[in-house]
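Reader: I've got a fold to look at and some questions lined up. Mind walking me through it?

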Amino acid sequence: MNAVNPTDSASLLSAFGALGVLVVTFAESGLLVIGFFLPGDTLLFPAGVLCAAQQGGQPPRLVLWQVMLCAGVGSVVGAQVGFLIGRHGGRALLTRTSSHRVREGAARAERLLARYGYRKALLIGRFVPMLRSVLHPAAGALGVPVRTFTIWQTVAGVLWSQSLVLAGWALGSSVKHVDDYLLPLIALVVVVSLLPLLVEAVRSRRGRDRERRGDTGD
């Protein structure tokens, strides 16, 4: 048996199928450092494609309802566990970690929650790679009410997971042999998923530029 690369979507889906979707979405949705290195968007979309793609008259390699169920359960339960980790571990868990990525992500999560409020931040953050891995523990550490968090992270988790799986399934159903192009598709998903990060970076830079100009004007 070939070694499985946990950061490679094709390897995970080939080895574990829907069960791999469950485990990865769980970890990626709230296990901090581990979640940063696991595929999220780039796992769900190809999984949807493989639910529709057929080769040589054989049935699809994955079953749609199983993938959708595993994706939904993994993303929702993972986020809730991440919230509990943050709630009981406190802010120190996020700020004293040796990982620069975690500290930076925690700061971004705090800004997002302060800027948009709990509901909107949980919806937006779920669709931003890397941020969603730290947003849920950060929400727990920052004292977001349990009921509010549970309701809105569930809504966000279901929307995120199901929309990506169904988008992949729709493409796989409409384009023949689309699974032959999984690597380019995964690359495209990576680019699209990073757009929110790029937009945020541009906005932050513009904000700093305006502040500097204001300081200079004084």
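Author: Sure. One term before we start: a residue is called buried when its relative accessible area is under 20%. Also keep in mind that this is a predicted model.

Reader: With that cut-off, what share of the 218 residues in the protein is buried?

Author: Count the residues that fall under 20% relative accessible area. Out of the 218 residues in the protein, the buried share is 44%.

Reader: And how many helices and strands does the protein have?

Author: Read along the sequence, the pattern goes α-α-α-α-α-α-α-α-α-α. No β element shows up in that pattern, and the tally is ten helices and zero strands.

Reader: What fraction of the contacts with a separation of 6 or more comes from residues 24 or more positions apart?

Author: Here's one pair to picture: Leu69 and Val158 are 89 residues apart in sequence, yet their C-alpha atoms are 9.7 Å apart in space. Leu69 itself belongs to helix H5 and is partly exposed, at a relative accessible area of 48%. For the protein as a whole, the fraction you asked for is 74%.

Reader: Let's go to Thr25. Is Thr25 buried or exposed?

Author: Thr25 sits in helix H2, which covers residues 18–28. Leaving out residues up to four places away in sequence, Thr25 touches Leu44, Cys70, Ala71, Gly74 and Ser75. Its relative accessible area is 1%, and under 20% counts as buried, so Thr25 is buried.

Reader: Which backbone oxygen lies 2.6 Å from a polar atom of the Thr25 side chain?

Author: Two backbone oxygens are worth checking here. The Thr25 side chain reaches the one of Leu22 at 3.2 Å. The 2.6 Å distance belongs to the backbone oxygen of Val21.

Reader: How are H2 and H5 oriented to each other, roughly parallel or roughly antiparallel?

Author: The axes of H2 and helix H5 (residues 64–89) come within 7 Å and cross at roughly 20 degrees. Angles under 35 degrees count as roughly parallel, so H2 and H5 are roughly parallel.

Reader: How many charged residues are in the contact of H2 with H5?

Author: H2 passes H5 in a right-handed crossing. On the H2 side the contact uses Ala18, Val21, Leu22, Thr25 and Phe26, while H5 brings in residues including Cys70, Ala71, Gly74 and Ser75. By class, that contact has ten nonpolar and five polar residues, and the charged count is zero: no charged residues.

Reader: Now H7 and H9. How many charged residues does their contact have?

Author: The axes of H7 (residues 100–126) and H9 (residues 146–174) come within 9 Å and cross at roughly 30 degrees, so the two helices are roughly parallel. H7 contributes Tyr118, Arg119, Leu122, Leu123 and Arg126, which meet H9 residues including Phe149, Trp152 and Trp160. By class, the contact of H7 with H9 has nine nonpolar residues, three polar ones and, for your question, two charged.

Reader: Last one: how many of the eleven residues in H8 are buried?

Author: Helix H8 spans residues 131–141 and is mostly covered. Its buried residues include Arg132 and His136, along with Leu131, Val134 and Leu135. Of the eleven residues in H8, the number buried is ten.

Terms used:
Residues are numbered from 1 along each chain as its sequence is written. This is a predicted model: local features need pLDDT of at least 70, side-chain atom pairs count only at pLDDT 80 or more; totals for chains, interfaces and linings use all residues. Side-chain values use heavy atoms; hydrogens and water are left out. Axes are lines fitted to C-alpha atoms, for helices over the stretch in contact, and angles run from 0 to 180 degrees between N-to-C directions. Helices (H or I, at least four residues) and strands (E, at least two) are DSSP runs, numbered from the N terminus. Angles under 35 degrees count as roughly parallel, over 145 as roughly antiparallel, 65 to 115 as roughly perpendicular and the rest as oblique. Contact means heavy atoms within 4.5 Å. Ala, Val, Leu, Ile, Met, Phe, Trp, Tyr, Cys and Pro count as nonpolar, Asp, Glu, Lys and Arg as charged, and the others, Gly among them, as polar. Buried means under 20% relative accessible area, exposed over 50%, partly exposed in between (1.4 Å probe, protein chains only). A polar contact is a pair of N or O atoms within 3.5 Å; within protein, one must be able to donate a hydrogen and the other to accept it, and residues adjacent in sequence count only if both atoms are side-chain atoms. A crossing is left-handed if the near helix is turned anticlockwise from the far one by less than a right angle, and right-handed if clockwise.
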